[in-house]
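I opened this entry to record what I looked up in the structure. The points follow in the order in which I took them.

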Amino acid sequence: MTKAPSTAAPNPLLNQILAALPAADYARLLPDLERVQLPRRWTMSESGDHVNYLHFPTSGIVSLIYALEDGSSSEIALVGNEGLIGISIYMGGESLPTSTEVQCAGEAYRLSRNVMKREFALGGQLQHLALLYTQALIVQTSQMAVCNQHHTVEQRFSRWILMSMDRLQGNKMTVTQEQISLLLGVRRESITLAAGGLQKDGIISYARGSITVVDRPHLEARACECYRAVKEECDRLLPHPHASKADASPVAVART
């Protein structure tokens, strides 16, 4: 983990959970929020680790990955600035059987285990939002289990691109076919075929290590129902960003 440079103006309100907090709750948390970088491919925690910090991403994508004894693995959830990393801190289990890995570089604000437990003891809005997010995460992991069992590689690949682009809030991302194959738990050749088909139909543009969505409506049509099911449930459960608050002048976070 690397602390983010102090030269750029920080803005914790780019995370939707932090942005949804009442002003008094946010002000109480602010001195304890520490801005950190999320470098690509950084493993934030391994399966079974005792997690000491809760992370609120403001940019980038973090994957929750389940690995089997034979070395194979599969992504079971994506987290961006809509959520948080480290639910075991407040769920009582102390650890999770998944690892967390940064797929697209970004930044986050971390909060120590002790501070989060203090907030939960208060029973305020952060507790409420964290539990709503946990429910949304359960929905996502459950839907992914069904998706991996019943849908084609192209459908799953299209769903994964859409979910990633939603969190990046753009139409382009840097990712390799090998990386995608590991996350989806399929052969690299299968991803090559799926990407080639979508590119041939003018839906995406795929260059080495880069995907650009050219025709989002048709990409949504090629994705399985899981994308819509997860998005609709997350939109129902999670707070929507308030432009007036998230776009406000960043608040300085002093950490030495």
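**Confidence of the model**

I began with confidence, as the model is predicted. Among the elements of the protein chain, I found the lowest mean pLDDT, 45, in helix H11 (residues 243–246), and the highest, 97, in helix H9 (residues 216–222). I then noted that the pLDDT is below 50 over residues 1–7, a stretch with 16 contacts in the model beyond near neighbours in sequence. Residues 246–256 also have pLDDT below 50, and I recorded 23 contacts for this stretch beyond near neighbours in sequence. For the protein chain I entered a mean pLDDT of 88, with 90% of its residues at 70 or more.

**The chain as a whole**

I listed 11 helices and 11 strands for the protein chain. The chain has 256 residues, of which 48% count as buried. Of its contacts with a separation of 6 or more, 76% are between residues 24 or more positions apart. I noted an exposed area of about 12000 Å² for the protein chain, with carbon and sulfur atoms supplying 52% of it.

**Thr-58**

I next looked up one residue, Thr-58, which I located in the loop between strand E4 (53–57) and strand E5 (61–67). Is Thr-58 buried or exposed? Its relative accessible area is 11%, so I entered Thr-58 as buried, the cut-off being under 20%. Leaving aside neighbours within four places in sequence, I found Thr-58 in contact with Asn-11, Pro-12, Leu-14 and Asn-15. Thr-58 is also in contact with Asn-81, Glu-107, Ala-108 and Tyr-109.

Definitions and conventions: Residues numbered from 1 in each chain as written. Predicted model: local features only at pLDDT ≥ 70, side-chain atom pairs only at ≥ 80, totals over all residues. Heavy atoms only, no water. Helix = DSSP H or I, 4+ residues; strand = E, 2+ residues; numbered from the N terminus. Buried < 20%, exposed > 50% of the residue type's maximum accessible area, 1.4 Å probe, protein only. Contact = heavy atoms within 4.5 Å. Areas by Shrake-Rupley, 256 points an atom, 1.4 Å probe, with all protein chains shown as cover. pLDDT = per-residue confidence, 0-100.
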